[in-house]
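Trainee: Hey, I've got a new structure open and no idea where to start. Can you walk me through it?

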Amino acid sequence: MNYLGNETFDKDGLLVPNLLGEEWKGWPVIEENPYYQVSTHGRFRRIIGKGWQLINPQKQASGQITVSVNDNGSQKTKALKKIVAEVWVPNQNQLPNVRLRDKELPMISSNLEWYNFKESKSVRKEIRTKILAKIDKLCMSELEVLLDRL
């Protein structure tokens, strides 16, 4: 490989500066093609002859942000937030899914967390049940006030 170092270029060959505090690490998931890197700021790049080229993410109809990668000769589409999390967010409990902690903030490594969808679903159901019980209680007390007025 003949590249200059840590420089990043866009698809037109123009130099792209790193963002403030941005760090890059290799993405080891595709072992046959170790020429990809992901940054703490959710950017993805691949090695080319003169440096690194940014890979533009695509927004799918589902809202998922993905990138296309070459895996041993075949194109594959991967979720960008999962790639960022695999490299930058520890996953001691081997949880399968990744989500944004705050959907109002960008997809940077410090805003991602691993979670288990089944556990998350049961927690949401529990919270929903509590909320509905409180609404029920409020409605009953308002109904009692209205009945007292009759």
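Mentor: Sure, let's go from the whole chain down to single residues. Keep in mind that this is a predicted model.

Trainee: How many helices and strands does the chain have?

Mentor: There are two helices and eleven strands. In sequence order, the pattern reads β-β-β-β-β-β-β-β-β-α-β-β-α.

Trainee: And what share of the residues counts as buried?

Mentor: That's 30% of the 150 residues. As for the outside, the chain exposes about 10,800 Å², and 53% of that comes from carbon and sulfur atoms. If you look at contacts between residues at least 6 apart in sequence, 39% of them join residues at least 24 apart.

Trainee: OK, strands next. Which way do β4 and β5 run?

Mentor: Antiparallel, with three bridges joining β4, residues 36-39, to β5. Val 38 sits opposite Phe 44 of β5. The two strands make a hairpin with four residues between them, and Gly 42 has a positive phi near 80° there.

Trainee: What does β5 pair with over four bridges?

Mentor: With β6, which covers residues 51-54, again in the antiparallel sense. Look for Arg 45, which stands opposite Leu 54 in β6.

Trainee: Why is β5 called largely enclosed?

Mentor: Because four of its five residues, within 44-48, are buried, the rest of the structure largely encloses the strand.

Trainee: What holds paired strands together, in general?

Mentor: Backbone hydrogen bonds do that, in either a parallel or an antiparallel arrangement.

Trainee: Moving on, what's the strand order in the open sheet?

Mentor: The order is β7-β8-β9, three strands with antiparallel pairing. β7 (58-59) and β9 (74-79) are at the edges with a single partner strand each, so each has one side without a neighbour in the sheet.

Trainee: And how many bridges are there between β8 and β9?

Mentor: Six, and the pairing is antiparallel. One bridge to pick out is that of Ser 68, whose partner in β9 is Thr 77.

Trainee: I clicked on Thr 66. Where does it lie?

Mentor: Thr 66 is in strand β8, residues 65-71.

Trainee: Is Thr 66 buried or exposed?

Mentor: Buried: its relative accessible area is 6%, and the cut-off for buried is under 20%.

Trainee: So what does the side chain of Thr 66 make a polar contact with?

Mentor: The side chain of Gln 60, at 2.7 Å. Leaving out residues up to four places away in sequence, Thr 66 also touches others, including Pro 57, Thr 77 and Leu 80.

Trainee: Let's switch to loops. What's the phi of Gln 94?

Mentor: Near 55°, which is a positive value in a residue other than glycine. Gln 94 is in the loop between α1 (80-88) and β10 (97-100). This residue is exposed, with a relative accessible area of 63%.

Trainee: Last one. Which residues form the nonpolar patch on the surface?

Mentor: Ile 127, Ile 131, Leu 132 and Ile 135, and together they have about 350 Å² of accessible area. Of these, Ile 131 lies in helix α2, residues 117-149.

Trainee: What's the relative accessible area of Ile 131?

Mentor: It's 45%, so Ile 131 counts as partly exposed.

Key
Residues are numbered from 1 along each chain as its sequence is written. This is a predicted model: local features need pLDDT of at least 70, side-chain atom pairs count only at pLDDT 80 or more; totals for chains, interfaces and linings use all residues. Side-chain values use heavy atoms; hydrogens and water are left out. Patches are made of residues with over 30% relative accessible area and no salt bridge: like charges are joined within 9 Å, nonpolar side chains (Val, Leu, Ile, Met, Phe, Trp, Tyr) within 5 Å. Accessible areas come from the Shrake-Rupley method with a 1.4 Å probe; for residues, only the protein chains shown count as cover. A salt bridge is a side-chain nitrogen of Lys or Arg within 4 Å of a carboxyl oxygen of Asp or Glu. Buried means under 20% relative accessible area, exposed over 50%, partly exposed in between (1.4 Å probe, protein chains only). Two strands pair if DSSP finds at least two bridges between them. A polar contact is a pair of N or O atoms within 3.5 Å; within protein, one must be able to donate a hydrogen and the other to accept it, and residues adjacent in sequence count only if both atoms are side-chain atoms. Contact means heavy atoms within 4.5 Å.
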